[in-house]
Amino acid sequence: MPGTIQSIERAAAILRLLSGRNRRLGVAQLAGELELPKGTVHGILRTLTVVGFVEQDEETGKYQLGAALLHMGSSYLDGNELRTRALNWSDSLAARSGESVRIGTLHEGKVLVVHHVFRPDDSRQALEVGGLVPAHATAMGKVLLAAHRYAAREVAAAGLARFTPRTITGTDELDAELAAVLERGWAADAEELVVGEVSLAAPIDDRRGVTVGAIGISGPVERLMENGTPRSDLVSYVREAARAVSRDLGAIPW
Amino acid sequence: MSERYIASVDQGTASSRCLVFDRRARVVAVSQVEHEHIFPRPGLVEHDPEEIWRNVEHVVADALASAQLPVSDIVALGITNQRETTVLWDAKTGEPVHNALNWADTRTDHLVRELGDGLGPDRFRERCGLPLATYFSGPKIRWLLDNVAGLAERAEAGDVLFGTMDSWLIWRLCGRHITDVTNAGRTMLMNLETLDWDDVLLDAIGVPRAMLPEIRPSMEVYGEAGGALAGVPVAAALGDQHAAMFGQTCFEPGDAKCTYGTGSFLLMNTGDQPVASGNGLLTTVGYKIGDEPATYALEGSIAVTGALVQWFRDKIGLIGSASEIETLARTVDNNGGCYVVPAFSGLFAPHWRSDARGVIAGLTGYITKGHLARAVLEATAWQTREVVEAMNSDAGVELTSLKVDGGMTANNLLMQSLADVLDVPVVRPIVAETPSLGAAYAAGLAVGFWSGPDELRAQWHKAAEWLPAMEQAVRDKGYRKWRKAVARTVDWVDEDDD
């Protein structure tokens, strides 16, 4: 068709084939269906793989739709909705931990704070809802990036700013950290954004198991860390709160 | 000793909830189910009492199961409920004889005007603290007796029982026909001084004493529950706004709170004497602890706040969920000049005009759904301003900050609008579910789980605060326009309307 970009049209055709009856197709099959040279199809598949829309099955070498595509448009949960659902549990977390609580979502490579509960000591505090914080230097950010690797690549590519001597500024270091976060199910920022401050966070998942937000606490290193590691009781409170909200969103059926 | 807990049932206007609290007033389990609002005709609102009872049974069992709590760890149950909603049931079979008439139902419109009998809506105000309005239970009972065949005779004989939702639940839970003073105080049949049913009121409104529950204090062990909470003492009952006052630890005269839910209710503790309002507020019982003298309160009742958002969601369909109202409202910077006055059941405090109905004013071709959403949120803020001004006049002292609670406190834009429009800080405590907490506190005090009000006050902590950020000129103009919009709601209902 005149006025359109041919390679995008061809990519769309490939994606449609992969979401049809045959969920897994090889280069030869795709090329045959589209009546295109294998080399052309292979080139398109390579780019589609880089952006996460397509994945190659290691055993068979065939291609299928990628996770990023399946989650597209559905990893967004309205921040106001998330706050409403999480209200009781975030208050509870603040009460149990004695620290301030924040809930964040991923927004253009940063963390948007959609909810903030004061530290329950009646001290003077300001509401930080609507603020943006860096994703690579906060626990909430790490939780969100670990679950959305494509966003993590973008954040790394844009350059990782240094805030304290402990801020992660290298791509490899960030990759390793995110892999660890995904593995253990929670994240910490140990004085990586502000010297003397620590934050802990865990993922909030919706009914498809997609991470739609992160909930965490933050406070002084003296209270949140013990012998150089985050206090395990605080970690468990944060994880329980995250699970409770996820359960309400339908992520955990029991 | 292992942990012990207090369970709380909140039978609200929109849903029934069970919350379980630990000794430090932290929520350890929640379960919630909405029930149906039946609208037989415009202005009429009913519920199915059996559906509500089943839902309460369900949320109790579900809350315990979700937190894996054995019944033996629950030390007491407190009940709080939507007030005024009227249930009549057969004394022997327990079967409701009609759908429950919700507090917002306006079918008693004509009856209420007739009862004024030339003396006007304040005819009974000195005795019961309330103006004649469709809001209250007494006239609803009379309407049912007049309109359901054979009911009047059965009621005289004591074969039909009346209750607000607390009575209905306690009847099903432990087989006693009782109510607490705060709920009784919303019927227009109770004397504010004696705290007993008043024969003059019963006679004038036409309700036989035989059908009425026994009036008890707000906290004492009424009996033992059955079902999922078998053996647990039922130790408190309070109307939801009174429970919220308790949960917000408003124990001293001058302490005030406003709960934002389907409707919104500003209550101020006025101590052990009832204070008459010269500005359209209600005089009501705050709570009664066992044998101690009752604590009274002034109340500004706003009928439609969250209900307006729900209407916008369910009937207008411009948002998919209630929280989306904030998202939509934030797509614009202001209301574009339009104002929504949701006088769905007439105007409540401070105007009390049952002839009023809702209005959207200031429409031009410029207005978008974003502006409408903004106006929907601001309606709650402006209505609050009106009752705060009335409260300041009656109390003779100005509110310096507003303690808020209830589901709508999740809406940050609304909370900021409140602070802007009232020009005082707005503060939310760490537990937003204050009616449930208040009922739990009351039940806990009754069984000695907590020692007294001081221990409860020590558990109140600030969770969020919004500071005023609006210029005086903008605020003044907004209020002027709001009052113009309100003036356009009155004188609407005609004789030949339903």
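In this predicted model, B:Leu402 touches B:Cys258, B:Tyr260, B:Leu266, B:Thr384, B:Leu422, B:Val424, B:Pro425, B:Val426 and B:Val427, leaving aside residues up to four places away in sequence; contact here means heavy atoms within 4.5 Å. Residues are numbered from 1 along each chain as its sequence is written, chains are lettered from A and ligands numbered from 1 in the order in which they are written, and side-chain values use heavy atoms, with hydrogens and water left out. Since the model is predicted, local features need pLDDT of at least 70 and side-chain atom pairs count only at pLDDT 80 or more, while totals for chains, interfaces and linings use all residues.

B:Leu402 also appears in a wider setting, the largest nonpolar core, which has 164 residues. A nonpolar core is a set of buried Ala, Val, Leu, Ile, Met, Phe, Trp, Tyr and Cys residues joined through side-chain atoms within 4.5 Å. Buried means under 20% relative accessible area, exposed means over 50%, and partly exposed lies in between (1.4 Å probe, protein chains only). The residues with the most contacts inside this core are A:Leu200, B:Tyr135, B:Met211, B:Phe246 and B:Leu402. Helix H12 of chain B (residues 369-395) gives the most to the core, with eleven residues; helices (H or I, at least four residues) and strands (E, at least two) are DSSP runs, numbered from the N terminus. A second, separate core of 34 residues includes B:Ile79, B:Leu161, B:Met165 and B:Ala225. In soluble globular proteins, nonpolar side chains tend to be buried together.

One of the residues touched by B:Leu402 is B:Val424, found in the loop between helix H13 (412-422) and strand E20 (426-429) of chain B. With a relative accessible area of 12%, B:Val424 is buried. Its own contacts, again without residues up to four places away in sequence, are B:Leu399, B:Thr400, B:Ser401, B:Leu402, B:Ala419, B:Trp466 and B:Pro468. From B:Val424 to B:Gly290 there are 134 residues in sequence and 36 Å in space, C-alpha to C-alpha.

Attention now turns to the aromatic rings. Over all chains, the structure holds 17 aromatic pairs. Rings of Phe, Tyr and Trp (its six-membered ring) pair if their centres lie within 6.5 Å; planes under 30 degrees apart count as stacked, over 60 as edge-to-face and the rest as tilted. The pair of B:Phe136 and B:Trp352 is tilted, because the ring centres are 6.3 Å apart and the planes stand at 35 degrees. B:Phe136 lies in the loop between helix H3 (125-128) and helix H4 (137-147) of chain B, and B:Trp352 in the loop between strand E17 (339-341) and strand E18 (359-361) of chain B, so the pair ties together parts 216 residues apart in sequence. Both rings belong to buried residues, B:Phe136 at 0% relative accessible area and B:Trp352 at 17%. In B:Phe449 and B:Trp450, the centres are 5.0 Å apart and the planes at 75 degrees, so this pair is edge-to-face. B:Phe449 is buried at 7%, and B:Trp450 is buried at 1%. Ring pairs also link B:Trp103, B:Tyr135, B:Phe136, B:Phe265, B:Phe348 and B:Trp352 into a cluster.

Rings can have charged neighbours too. The charged end of B:Arg23 sits over the ring of B:Phe449, 4.3 Å from its centre, and that of A:Arg184 sits over the ring of A:Trp186, at 4.4 Å. For this, NZ of Lys or CZ of Arg must be within 6 Å of the ring centre and within 35 degrees of the ring normal.

Opposite charges meet in salt bridges, in which a side-chain nitrogen of Lys or Arg is within 4 Å of a carboxyl oxygen of Asp or Glu. The count comes to 42 over all chains. B:Arg216, partly exposed at 23%, forms one with B:Glu220, the closest N and O atoms being 2.7 Å apart. In another, B:Glu326 and B:Arg330 have their closest N and O atoms 2.9 Å apart; B:Glu326 is buried at 1% relative accessible area, whereas B:Arg330 is partly exposed at 47%. A network of salt bridges links B:Arg83, B:Glu84, B:Arg186, B:Asp240 and B:Glu299.
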